[in-house]
Amino acid sequence: MATLKSIQTELADRIVKALQSIGLDGDPLVFPSQDSKFGDYQSNCAMGLGKKAARKPRELAEEIVSRLQIDDISEPPQIAGPGFINFRIKPAFLSAILADIPPGSDPERARLGIEAAASPEVVVVDLSSPNLAKEMHVGHLRSTVIGDCVARCLEFMGHTVHRDNHVGDWGTQFGMLVAHLRHVRPDVADNPSQLVIHDLETFYIEAKSRFDEDEEFKKESRETVVALQQADPQTRLIWKAFCDESLRHCHAIYDRLKVDLVDRGESFYADLMHEVVRRLEILRGEDDSPVRISDGALCVFLDGFTTRDGDPLPVIVRKADGGFNYASSDLATILHRVEQLGATRIIYVVGLPQKQHFEMVFAAARKVGWVSEDVSMVHLGFGSMLSATGKPFKTREGGTVKLKDLLDEAVAKARKVVESQLDDDKGGDRAFTKEEMDHIAETVGLAAVKYFDLSHSLAGDYKFDLSTMLSLEGNTAPYMLYAYARIRSIARKADVDFAGLPTDVGISLDHPAEVALALKLLQFGDTLGTVVRDYRLNLLTEYLFELAKTFSRFYDKKIGVRIVDASPESVRNSRLRLCDLTARTLKLGLHLLGIETLDRM
RNA sequence: GCGCCGGUAGCUCAGCUGGAUAGAGCACCGGAUUUCUAAUCCGGCGGUCGCAGGUUCGAGUCCUGCCCGGCGCGCCA
């Protein structure tokens with residue numbers, strides 16, 4: 001199947017040609033029009049180029065238009081305002097492209113005609129990264145959901161993606177935890193794989209209070225850290241039993257969220273941290289080296305970073321006591337990802353407060369020559385999730401809220417919302433079994449949480465509000481899932497399998513609602529392109545919402561068209577194919593957000 | 001003190017390399033309905049884009065200064 005060029009790109013290419021024929025060179029600045037009264041697309045290049053060429057923008061716009069060869073795509077372009085060039089796409093062109101996307105669901109067809117990236121990269125997405133000492137809490141949600149979405153989008157674009165879960169399993173607190181475990185579960189050494197800790201949070205608190213109150217235990221904890229780092233087999237065994245159990249807690253959540261990732265904790269990089277230091281020590285010997293010992297710590301000094309007092313602020317790679325910190329481990333991840341995984345792009349999905357940390361780590365890695373210019377390192381930072389009142393997300397007692405509890409609450413509320421709608425269902429198509437209802441509630445609840453998160457721009461904080469995210473109206477998961485389910489319902493009503501629709505009768509776009517839907521469908525690829533280029537995930541939710549709204553109008557009895565009982569058969573078939581394309585676009589879009597669809601709800 | 005993020009409609013939020021009259025949802029008001037799943041659709045109301053300057057054909061967007069909120073700034077992660 002031929003992949004299709006986007007309308008936007010096609011228009012841009014034609015305008016570039018027209019510009020070249022006038023001897024001008026520049027960005028054609030083609031965008032979808034904000035208001036359909038200005039057409040479907042607009043080019044804003046005449047204003048800027050007019051200035052450069054010392055010509056009146058409107059005059060230049062007219063010359064561009066006169067040289068444009070575009071009548072296969074667009075109605076005659078209109079010039080408006082100071083020099084906007086407006087395009088109205090011909091329905092026949094839309095129809096021809098859409099007809100090229102056959103029904104069906106095999107992998108190639110599932111791409112919906114969207115091209116993969118021309119040069120696939122190896123990308124590492126560093127996401128989630130909980131501390132294994134404790135239970136995952138609400139603070140881990142955004143990194144997990146955002147990271148997974150970015151990974152899914154990049155994968156779809158044809159890149160090889162590694163999702164690395166950089167869990168905290170190597171800090172000093174693990175000495176304390178292992179020592180405590182040894183006391184309360186003396187049998188753990190005999191049966192490490194049988195270890196079950198129901199509540200990691202409680203376990204941590206117990207260990208911590210013992211550590212604070214019992215000098216003997218404190219000493220033992222410290223000795224345990226040393227034993228752990230020196231790879232004492234017995235200590236390692238207990239430590240591993242603890243980490244495995246903690247990871248089981250994490251993966252219960254990842255499984256639920258359908259997030260697939262690889263655990264590479266700090267311990268995984270233990271040897272590499274020594275390698276980091278070894279290489280830096282070699283550089284330290286050179287003249288004017290940025291690598292120096294300062295106050296006993298091994299540091300990389302960088303330009304442009306200063307402390308509160310204006311002194312140079314270095315990256316500390318090995319502490320004065322010889323221990324490592326998170327800069328050591330992040331530098332180790334870079335070595336591993338570049339040298340072992342062959343990554344050309346590394347994306348750290350970590351909260352915005354750590355922005356400076358990553359700026360410094362990246363700068364250090366470049367400074368010492370470990371990362372070449374053709375490898376990009378990105379800190380994909382994001383704001384905090386706040387409570388509905390705008391305050392930090394805490395329990396009434398001021399403690400952290402477990403992620404599991406948050407998800408459970410969302411699912412429980414989703415169930416109520418769905419059930420309340422079924423009470424007045426008259427269709428009879430929705431008599432769900434207990435199992436079906438469980439599945440619907442779980443899907444809707446988790447979708448609501450993810451969709452709400454991803455529909456916000458990354459930089460800002462947002463307020464976690466269950467009733468908003470579970471609203472049946474507006475840009476929410478329930479609205480999107482419902483839109484999808486309605487389309488699936490059309491297939492049942494029409495008694496057709498969308499995948500088997502005949503492809504030889506074409507797609508007719510006569511009604512404005514059909515044209516609008518066709519145009520919107522064909523903008524998915526461009527949207528996705530921007531999403532992966534700029535990591536603007538909320539653009540994807542916004543697009544899907546617009547698509548769903550456009551479909552609702554298409555389907556509306558007042559302003560839309562008939563579908564199931566449309567005639568003649570060719571028109572019915574055409575409309576069913578538009579339904580199919582919409583359903584698949586919604587499904588794919590939601591899939592990229594990490595959200596599963598429901599055929600009935 | 002320096003730096004980062006945020007400040008847009010009553011509320012929650014969009015706003016892509018500067019583009020047309022600043023958008024959406026919720027809420028509120030009004031209309032549509034013999035349902036193709038109305039969890040829908042149409043219309044209305046609603047904003048000195050924190051403040052003040054500047055850049056230009058054009059600024060929510062870029063520059064400068066200031067105000068408010070949050071966060072960060074040497075061995076915690």
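**Domain arrangement and the RNA-facing surface**

In the predicted model, the C-alpha centres of domain 2 and domain 4 are separated by 46 Å. These belong to a set of domains assigned to chain A, namely domain 1 (7-89), domain 2 (173-260), domain 3 (268-382) and domain 4 (416-592).

The surroundings of RNA strand B comprise 72 residues, of which Phe31, Lys37, Lys319, Tyr482 and Tyr555 come nearest. On the RNA side, 53% of the atoms of strand B that come within 4 Å of the protein belong to sugar and phosphate. By residue class, the surface near RNA strand B divides into 29 nonpolar, 26 charged and 17 polar residues.

Polar side-chain atoms approach both the backbone and the bases of the RNA. For Ser489, such an atom lies 2.3 Å from a phosphate oxygen of RNA strand B, and for Arg553 the distance from a polar side-chain atom to a phosphate oxygen of the strand is 2.6 Å. Gln42, in turn, places a polar side-chain atom 3.2 Å from a base nitrogen of RNA strand B. Two or more residues are given to the surface near the strand by each of the helices α2 (45-52), α16 (477-494) and α19 (538-555), and by each of the strands β4 (84-87), β9 (297-300) and β14 (462-463).

Two of these elements, α16 and α19, pack with their axes 10 Å apart and at an angle of about 40 degrees. The two helices α16 and α19 are therefore oblique to each other, and their crossing is left-handed.

How values were computed
Residues are numbered from 1 along each chain as its sequence is written. Chains are lettered from A and ligands numbered from 1 in the order in which they are written. This is a predicted model: local features need pLDDT of at least 70, side-chain atom pairs count only at pLDDT 80 or more; totals for chains, interfaces and linings use all residues. Side-chain values use heavy atoms; hydrogens and water are left out. Domain bounds come from an automatic or database domain assignment. A residue is near a molecule or strand if one of its heavy atoms lies within 4 Å of it. A polar contact is a pair of N or O atoms within 3.5 Å; within protein, one must be able to donate a hydrogen and the other to accept it, and residues adjacent in sequence count only if both atoms are side-chain atoms. Helices (H or I, at least four residues) and strands (E, at least two) are DSSP runs, numbered from the N terminus. Ala, Val, Leu, Ile, Met, Phe, Trp, Tyr, Cys and Pro count as nonpolar, Asp, Glu, Lys and Arg as charged, and the others, Gly among them, as polar. Axes are lines fitted to C-alpha atoms, for helices over the stretch in contact, and angles run from 0 to 180 degrees between N-to-C directions. Angles under 35 degrees count as roughly parallel, over 145 as roughly antiparallel, 65 to 115 as roughly perpendicular and the rest as oblique. A crossing is left-handed if the near helix is turned anticlockwise from the far one by less than a right angle, and right-handed if clockwise.
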